[in-house]
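I opened the notebook to record what I looked up, one entry per topic. The structure comes first and the entries follow.

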Amino acid sequence: MVSAATSRLEGLRGGAIDAGTATVVLFLLGAAIFLLVGCLQSTAFAQFTIQGLAVGSVYGSLALALVLIYRATHVINFAQGELALLTTYIAWELMQHGLSYWEAFAATLAIAFALGTALQVTVIRPVQHRSVIAVVIVTVGLFILIDGIVDWIWGSTFKFMDSPFGTASFDVGGVQIQHLYVGMLVVVFVSVLLVWALFRFTKLGLGMRAAALRPSAAALVGVRVESMLAIGWGLAAVLGAVAGLMAEPSQLFLTPSLMQPILVYAFAAAVLGGLESPAGALIGGLLIGVTLTLIAGYQPHIGSFRITPELQTPLAFAVILLILLVKPSGLFGRREVRRV
Amino acid sequence: MKRQIPALASLVVVAAVLVILPFILSDYNISLVAQVGIFFIGVLGLNILTGYTGQISIGHGAFMAIGGYTTAVMSRDHHTNFVVTMLLAFAICFVVGLLVGLPALRLSGVYLALVTFALAVSVPLLPLKWSKFLGGTGGVASYNPPSHLWVYTAAWACSAILLVLAWLILRGRVGRAFRAVRDSEIAAVASGVELPVYKTLAFGISAAYAGVAGSLFVLAANGFAQPTEFGVFLSLQLLVGAAVAGLGSLWGILAGAAFVGLLPTVSSSVPVIGSAHGRNVVFGVAVILVMLVLPDGFAGLLARIRRLARA
């Protein structure tokens, strides 16, 4: 991620800006200007934008979890959303036993890490070298299993969690900004920064990057590749847990189907950013969040055809399809070169 | 020819059992075996795509939804004969499958899995948007739904016809092209296989199969087409069925269909975890175990037994 940024910077210094990078920068700049002008023009627009950024950070966090695993093993974990759901229910259960929100939060992240690592070691590792289809089917099995466990233990009735940020809001020039949204953004960005720092500044992180980039070369210089992959799954589960915990207050209650649409939005975010790019996943998440919230808020129409909230998920599907057809590498990914 | 005899004999035995079953089973059990027949068609279709052409789909429940709604809507509005609606479902899903196959041309592996997963989540939401035509959350009720025995007969008759059709397609030129695409796209193109034609064709055929399965699926549910019945779970079931059956072989499909068609229902009556709640736990554990123990599914197991018998 960092090396890509520096090489891009060097490219700029050398005066060689390729057309793809320029288009992406222009696109992001255009989006930022559009949002800024909109926010200055209308308070409703500003409120939708902030809400969109907050839910977008949740999508981004889950997308980042997917990207971490994709970078290491070139496989998508279809159970990532359900895993996040399970950990959110665990947090709810812990709070029923008298833990405060933040105690439960910390405990849940630890449990998520252990769970992610354990799953990689027990069920993913044995099929990892077989084929993409085999790994996908095992993650599908995990999806069904975790869904079953949640339904079995907690049932399908709604569960309520008190929002850790209260229901108050700031007033900035007439725009009401809920504490909740600010809190969501802060929590997600702090956790992402911590994960980034782990990858960037620690020896463990260096080992993980090496294991993902060149597994055999990393093994030759003494990196324990298998352990690194297991830790990667653990970290992905932690990011997923953050996403689940932050998604819960914005959706108001906890149900077994909470994470399904969010997983599709996270897919859209990851694809938009380029499946290889962690920064791309986050920016993709924010873009998807803002776009969907604005559309849900204004319900634009073409003729008599109005885009109502039921169409949000189909819209995310359309976004995924469109990006993969027009620019399969996403905004920040590099084009894949296949060897014959 | 001599080697074909045990295979033909086993087919005759299965067919004979299926003919006798309705005379000895209760009405409820007939509906269960009909369910297996419906999944047989769906898993068969998905195996043509994933097993023979190597394209993963986690979205075939979406095609089942399209087929099912075709039957229900035609029956509600025009009182169309159910056999005709099944043919319609086949045709419509074939066309939709070709359309989905077009973008799938440029996607492979996990990307295709991603897109089809999103398709599976999206399609069941469409009836909520066009609730007047597609019935919203309440669903669409067919006119004069058929009996369990009718569905049983139709499901297994369709299974037989579609199995023969699949065998005819896969044994010849088209089947060889499919397998070439699966093993190496580049090598296939170099040998003169037209990638766009065969990849979209595989998508169309397998979607058409899923459409017929969806049509029967609705008829089995007393003619009710409801969005909740066509959720992601259905798509996952089909993929799991194809994996359990063994990708790239037609021999295990009955086992795969029985696995996904019966296990969720049967496991509801398992003593320890009882009730409907535990059923996905059993299902999920079973899927993972099968993948760990039988990498090539049931067909792989059969092949191993055959090799042992010959040695």
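**Entry 1: a helix crossing in chain B**

I looked up how α2(B) passes α13(B) and found a right-handed crossing. The model is a predicted one, so I keep that in mind for every entry. Helix α2 of chain B covers residues 27–53 and helix α13 of chain B covers residues 253–267; their axes come within 8 Å and cross at roughly 130 degrees. Angles from 115 to 145 degrees fall outside the parallel, antiparallel and perpendicular classes, and α2(B) and α13(B) are therefore oblique to each other.

Next I wrote down which residues meet. From α2(B) these are Leu32(B), Gln35(B), Val36(B), Phe39(B), Phe40(B), Val43(B), Leu44(B) and Asn47(B). From α13(B) they are Ile253(B), Leu254(B), Gly256(B), Ala257(B), Ala258(B), Val260(B), Gly261(B), Leu262(B) and Thr265(B). I sorted the residues of this contact by class and got 12 nonpolar, five polar and no charged.

**Entry 2: a second pair of helices in chain B**

At what angle do α9(B) and α11(B) pack? I found about 100 degrees, with the axes 10 Å apart, for helix α9 (residues 173–183) and helix α11 (residues 195–220) of chain B. The class for 65 to 115 degrees is roughly perpendicular, so α9(B) and α11(B) are roughly perpendicular to each other.

On the α9(B) side I listed Ala177(B), Phe178(B) and Val181(B). They meet Leu195(B), Tyr198(B), Lys199(B) and Ala202(B) in α11(B). The contact of α9(B) with α11(B) has six nonpolar residues, no polar ones and one charged.

**Entry 3: a pair of helices in chain A**

I then turned to helix α3 (residues 43–73) and helix α7 (residues 179–201) of chain A, whose axes come within 9 Å and cross at roughly 30 degrees. Angles under 35 degrees count as roughly parallel, so α3(A) is roughly parallel to α7(A). I noted the crossing of α3(A) past α7(A) as left-handed.

The α3(A) side of the contact includes Ile50(A), Leu53(A), Ala54(A), Val58(A) and Leu64(A). The α7(A) side consists of Tyr181(A), Met184(A), Leu185(A), Val188(A), Phe189(A) and Val192(A). By class I recorded 11 nonpolar, four polar and no charged residues for the contact of α3(A) with α7(A).

**Entry 4: a hairpin in chain A**

I looked up the strands β1 (residues 169–172) and β2 (residues 175–178) of chain A, and they pair in the antiparallel sense over four bridges. Which residue of β2(A) is the bridge partner of Asp171(A)? I found Gln176(A). Val172(A) stands opposite Val175(A) of β2(A). The hairpin has two residues between its strands, and Gly173(A) takes a positive phi near 55 degrees there.

**Entry 5: two histidines with positive phi**

I noted His74(A) for its phi near 55 degrees, a positive value in a residue other than glycine. His74(A) sits in the loop between α3 and α4 (80–96) of chain A. Is His74(A) exposed, partly exposed or buried? It counts as partly exposed, because 15 C-beta neighbours lie inside 10 Å.

In chain B I noted His79(B), which is not a glycine yet has a positive phi of about 50 degrees. His79(B) is in the loop between α3 (60–78) and α4 (82–104) of chain B. Because it has 10 C-beta neighbours inside 10 Å, His79(B) counts as exposed.

**Entry 6: one residue of α5(B)**

I picked Ala120(B), which lies in helix α5 (residues 110–122) of chain B. Ala120(B) has 29 other C-beta atoms within 10 Å, so it is buried. Leaving out residues up to four places away in sequence, I found that Ala120(B) touches Ile58(B), Gly59(B), Gly61(B), Ala62(B), Val232(B) and Ser235(B). Leu102(B) is 18 residues from Ala120(B) along the chain, and their C-alpha atoms are separated by 17 Å.

**Entry 7: where the chains touch**

How many residues does each chain bring to the contact? I recorded 42 residues from chain B and 42 residues from chain A. On the side of chain B that touches chain A, the elements giving two or more residues are α5, α6 (126–129), α12 (232–245) and α14 (279–293) of chain B. I sorted that side of chain B by class into 32 nonpolar, seven polar and three charged residues.

Terms used:
Residues are numbered from 1 along each chain as its sequence is written. Chains are lettered from A and ligands numbered from 1 in the order in which they are written. This is a predicted model: local features need pLDDT of at least 70, side-chain atom pairs count only at pLDDT 80 or more; totals for chains, interfaces and linings use all residues. Two strands pair if DSSP finds at least two bridges between them. Axes are lines fitted to C-alpha atoms, for helices over the stretch in contact, and angles run from 0 to 180 degrees between N-to-C directions. A crossing is left-handed if the near helix is turned anticlockwise from the far one by less than a right angle, and right-handed if clockwise. Two residues are in contact if their C-beta atoms, placed from the backbone, lie within 7 Å. Ala, Val, Leu, Ile, Met, Phe, Trp, Tyr, Cys and Pro count as nonpolar, Asp, Glu, Lys and Arg as charged, and the others, Gly among them, as polar. A residue is buried if 20 or more other C-beta atoms lie within 10 Å of its own, exposed if 12 or fewer, and partly exposed in between; C-beta atoms are placed from the backbone.
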